[in-house]
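User: I would like to go through a structure with you. Could you take my questions one at a time?
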Amino acid sequence: KSHLEELFLEDLGNEQEQKEKTALLLRRGIKNPCAKCEKNHGLIKYTKCCGIPIHVSCAKESKKCPECEMRPFRITSEIVYPNRAFHLDE
């Protein structure tokens, strides 16, 4: 195999590994706490800019995203980055 073929196959393997990890996170992951108050109870939403978890009330108190400091920032129920929304209990 050429070097390019080896790199391509490695990327495919990494991509498959990442898909499996994401699926596992979505199935068995534990919600990460709110980035502002660090509590894990109540309704958690996610910032649209970087996908970190945050309570609606904490978002209303903040003028900027706690992670990337984007102003203004929006929140959504959609999980864009599963690796930022959940973790696996190891």
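User: Which residues does Phe73 touch?
Analyst: Leaving out residues up to four places away in sequence, Phe73 touches Thr47, Cys49, Ile54, Ala59, Ser62, Lys63, Lys64 and Cys65; contact means heavy atoms within 4.5 Å. This is a predicted model: local features need pLDDT of at least 70, side-chain atom pairs count only at pLDDT 80 or more, and totals for chains, interfaces and linings use all residues. Residues are numbered from 1 along each chain as its sequence is written, and side-chain values use heavy atoms, with hydrogens and water left out.

User: How many residues does the largest nonpolar core have?
Analyst: It has 13 residues, and Cys34, Ile54, Cys65 and Phe73 have the most contacts inside it. Such a core is a set of buried Ala, Val, Leu, Ile, Met, Phe, Trp, Tyr and Cys residues joined through side-chain atoms within 4.5 Å. Buried means under 20% relative accessible area, exposed over 50%, and partly exposed in between (1.4 Å probe, protein chains only).

User: How many disulfides are there?
Analyst: The search of the whole structure finds 0 disulfides, a disulfide being a pair of cysteine sulfur atoms within 2.5 Å.

User: Why is there no bond from Cys58?
Analyst: The closest cysteine sulfur, in Cys34, is 3.8 Å from that of Cys58, too far for a bond. Cys58 is buried, at a relative accessible area of 8%.

User: And Cys68, buried or partly exposed?
Analyst: Cys68 is partly exposed, with a relative accessible area of 39%. Its sulfur lies 3.6 Å from the closest cysteine sulfur, in Cys49, which is also too far for a bond.
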